Amino acid sequence: MDKEKKQGLRGKLNKVVLAYSGGLDTSVIVPWLRENYGCEVVCFTADVGQGIKELEGLEEKAKASGACQLVVKDLKEEFVKDFIYPCLRAGAIYEREYLLGTSMARPVIAKAMVDVAKEVGADAVAHGCTGKGNDQVRFELTFFALNPQLNVVAPWREWDIQGREDAIEYAKKHNVPVPVTKKSIYSRDRNLWHLSHEGDILEDPANEPKKDMYMISVDPEEAPNQPEYVEIGIVSGLPVSVNGKELSPASLLSELNEIGGRHGIGRIDLVENRLVGMKSRGVYETPGGTILFKAVRVLETLTLDRETMQVKDSLALKYAELVYAGRWFDPLREAMDAFMEKITSTTTGSVTLKLYKGNVTATSKTSPFSLYRQDISSFESGEIYDQADAGGFIRLYGLPMRVRAMLERGL
């Protein structure tokens, strides 16, 4: 077993496309792939809104590590339009609170890696995910679904490197410049939808997060003392405008991140069940996403009837589980998405929200397809609803309960 692990070989590979961030782990993976598989390494970096700083100097880093080239693709619009918006329309939330920020980003990155592999003639793809996390599953299920012929290499499941010190030693041995960026005490993942924090004191659920940990939202206690109102325009379950201004999906989300962030919107602290079985704690900042989820749900109170809303909510749980588990390209999710698109076809209108010290409150909602009728709902008498009809309805609706009570009393 030890011998097999030391070799770590799956045969000779020609060219590997590596998901590359420029950090220590992925910098070390480049020479490791070359050494263990005798292959060329093409580094791939996706811009999903993680910030310009994380993209600076990547080509020099990649080539210094031994890569033959670096491919960078701007996926921000595709990420929001084709991955975030369907989840938003479906109302997909994992385990009551998590808005699936990392879960939605992995399949868009993996899909682009499959495309790049085809472009450069690669026969394999690789990622730097650990063997304990969810991301390894999300990447690899996407690879399987889009090109089952690609070989997949996951160094963390094969090599002897155990941690940061081992990685630094390996880098020095292979003349790889060790990234000089300051090592954060937290493990973070950032994209246009959210910023997640894990590790350090967060590993004990009894510890309150430190105030200086948060990066894209102000402390609600320090948010402005005056509320801010924001109007979201929605067409068929998808947001299209902010305060009357039509924006592209990525631009719209960026705008709401800024607005929500300054009011401390969208912070959650969650112990979740990972796909691999263990529990983990994460703290998430999702300002724009929290605003959008609230807006869509509020508008649905006007446009969806009771039965439809109940079925939608029940399917949203399964939808979220599929996305969390990396099954984005599963036919079941795609079929459920078609259902969500159909039933939200009339979820069109406008919602005004009040943002104040971490809270989002709906103050106004309108829709040309609203099922709400003031002439029916009013306490005043109306022609459509005769209050006297309620007596017969209650007697019939309550008949099973009445029969059971009669039986228990011997009547």
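The exercises below go through the two domains of a predicted model, their sheets and their interface.

Residues are numbered from 1 along each chain as its sequence is written. Because the model is predicted, local features need pLDDT of at least 70 and side-chain atom pairs count only at pLDDT 80 or more, while totals for chains, interfaces and linings use all residues; side-chain values use heavy atoms, with hydrogens and water left out.

**Exercise 1. The parallel sheet**

Task: State the strand order of the open sheet of five strands, and find which strands stand at its edges.

Solution.
Step 1. Helices (H or I, at least four residues) and strands (E, at least two) are DSSP runs, numbered from the N terminus. Two strands pair if DSSP finds at least two bridges between them.
Step 2. The order is β3-β2-β1-β4-β5, and the pairing is parallel.
Step 3. β3 and β5 (151–153) each have a single partner strand, so one side of each is left without a neighbour in the sheet.
Step 4. On average, neighbouring strands here are turned by 25 degrees against each other, direction ignored. For such angles, axes are lines fitted to C-alpha atoms (for helices over the stretch in contact), and angles run from 0 to 180 degrees between N-to-C directions.
Step 5. For a detail inside the sheet, take β1 (residues 15–19) and β4 (residues 124–126), which run parallel and are joined by three bridges. Val16 has Ala124 in β4 as its bridge partner.

**Exercise 2. Helices on the parallel sheet**

Task: Which strands does α5 touch, and which does α3 lie across?

Solution.
Step 1. Contact means heavy atoms within 4.5 Å.
Step 2. α5 packs on the sheet and touches β1, β2, β3 and β4, with its direction at about 155 degrees to that of β1.
Step 3. Helix α3 (residues 58–65) lies across β2 (40–47) and β3, and runs at about 145 degrees to β3.
Step 4. A salt bridge (a side-chain nitrogen of Lys or Arg within 4 Å of a carboxyl oxygen of Asp or Glu) also involves α5: Lys73 pairs with Glu119, with the closest N and O atoms 3.0 Å apart. Lys73 is in strand β3 (residues 69–74) and Glu119 in helix α5, 46 residues apart in the chain.
Step 5. The structure holds 22 salt bridges.

**Exercise 3. The antiparallel sheet**

Task: Describe the open sheet of four strands and follow its pairing from β6 to β12.

Solution.
Step 1. The order is β6-β7-β12-β11, with antiparallel pairing.
Step 2. β6 (187–190) and β11 (267–273) are the edge strands, each pairing on one side only.
Step 3. A hairpin of four residues joins β6 to β7. Four bridges also join β6 to β7 (residues 195–198). Along this pair, Ser187 stands opposite Glu198, and Asp189 stands opposite Ser196.
Step 4. Next, three bridges join β7 to β12 (residues 279–285), again antiparallel. His197 has Val283 in β12 as its bridge partner.

**Exercise 4. The domain interface**

Task: How many residues does each domain put into the contact, and what area is buried between domain 1 and domain 2?

Solution.
Step 1. Domain 1 covers 15–78 + 98–174 and domain 2 covers 187–304 + 346–366; these bounds come from an automatic or database domain assignment.
Step 2. Taken over C-alpha atoms, the centres of the two domains are 29 Å apart. The contact takes 18 residues from domain 1 and 23 residues from domain 2.
Step 3. The buried area is about 1,500 Å², and carbon and sulfur atoms give 59% of this. Buried area is the accessible area (1.4 Å probe) that two parts lose on being put together, summed over both.
Step 4. In domain 1, Glu77, Tyr98 and Leu99 lose the most area to domain 2, together 36% of what that side buries.
Step 5. The interface has one salt bridge. The side chains of Arg106 and Asp189 meet in a salt bridge at 3.0 Å, N to O.
Step 6. α4 (76–90), α5 (101–120) and α6 (135–146) each supply at least two residues of the side of domain 1 that touches domain 2. The largest share of that side, five residues, comes from α5.
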